[in-house]
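Have the sequence and the 3D view ready side by side. We will walk through them together, one region at a time.

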Amino acid sequence: MAIKIDKKIKGYNVVKPEDKAAPAPVVAPVKEVAPVAEVIQMHESLERPETLVGSTYKIKSPLFEHALYVTVNDIVLNAGTQHEQRRPFELFINSKNMDHFQWIVALTRILSAVFRKGGDVTFIVEELKAVFDPRGGYFKAGGVYMPSIVAEIGGVIETHMKSIGLIHDPEMSEATRKLIAEKRAAYENANAKPAAAASATPAPAASVGASPAGESQAASHTNASGFPAGATLCAKCNTQALVLMDGCQTCLNCGYSKCG
């Protein structure tokens, strides 16, 4: 086959078979990018309205001479629509006791900043409830153990989040409720028999039936939580409702068992 050359030949060379290999692809130089911190924006910025709705909770602790008053204010999103929601927006803690003023102010500012940031703020509850006082905790009304005053503030925030629908308690199944009731009845019956045998005496005919003395004796067999007096603290629900049954520690309040 003839090849027509239209240009002037300025030079030549011999092409060898090994020179016919495919040329290497040209790779463009990659520019180095400076590392950037990964910042996740959870929610858009919201301006504080003139008026907010909220609730104030009173905390009376033996660790404080005066009560603490925790106020949680909420912002209402999509007001007047079917998508209306209440979300915590700011928090204030007030007390006559000024000994802990610095950390109280710091806590209110940090929590308010997290609330205003938006996103899933329910993690705050577990973080606060996991704070332990090195001097020891205390039992609040109802027999629930609080490891610190900060943990009780976390409990207050949890209560408020539940009231506005931000946290939902897992409902106990009917089978679990029935099992707990059966275990409690079995425990009380097992402990009532030795006590009845030890105090069995002939009773006059006039004393047959219920009496105030019998009622006070029955009340002495329960603690402040309403559970058997010998119950210990449950590690799951922080309630004095843990009893030993069939060689296994079982909670009569939440159903927790060390044996699974």
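What follows is a short tour of some strands and a pocket.

Keep in mind that this is a predicted model. Let's begin with β1 (53–59). Seven bridges join β1 to β2, and the two run antiparallel. To find this pairing, look for Tyr57, whose bridge partner in β2 is Val70.

β2 covers residues 68–77, and eight of its 10 residues are buried, so you can think of this strand as mostly covered. On to β3 (residues 85–94): nine bridges join β2 to β3, again in antiparallel fashion. Here a good landmark is Asn73, which has Glu90 in β3 as its bridge partner.

Now move to another part of the chain. β6, β7 and β8 form an open sheet of three strands, in the order β6-β7-β8, with antiparallel pairing. Why does one side of β6 (232–233) and of β8 (248–251) lack a neighbour in the sheet? Both stand at the edges and each has a single partner strand, so one side is left free of a neighbour. Two bridges link β6 to β7 (residues 240–245), and Thr232 stands opposite Leu242 in β7.

Finally, the largest pocket holds about 1000 Å³ of space. Its lining has 33 residues, and the closest to the pocket's centre are Lys129, Glu158, Lys162, Lys236 and Cys237. Which element gives the most to this lining? That is α3, with seven residues. β1, which you met earlier, also supplies at least two residues, as do α2 (123–129) and β5 (145–146). By type, the lining divides into 16 nonpolar, six polar and 11 charged residues.

Key: Residues numbered from 1 in each chain as written. Predicted model: local features only at pLDDT ≥ 70, side-chain atom pairs only at ≥ 80, totals over all residues. Heavy atoms only, no water. 1 Å grid on protein atoms, 1.4 Å probe; cavity = no way out; pocket = protein on both sides within 12 Å on 5 of 7 lines; lining within 4 Å. Points joined across faces, edges and corners; volume = space filled by probe spheres on them. Helix = DSSP H or I, 4+ residues; strand = E, 2+ residues; numbered from the N terminus. Nonpolar A, V, L, I, M, F, W, Y, C, P; charged D, E, K, R; others polar. Pairing = 2+ DSSP bridges. Buried < 20%, exposed > 50% of the residue type's maximum accessible area, 1.4 Å probe, protein only.
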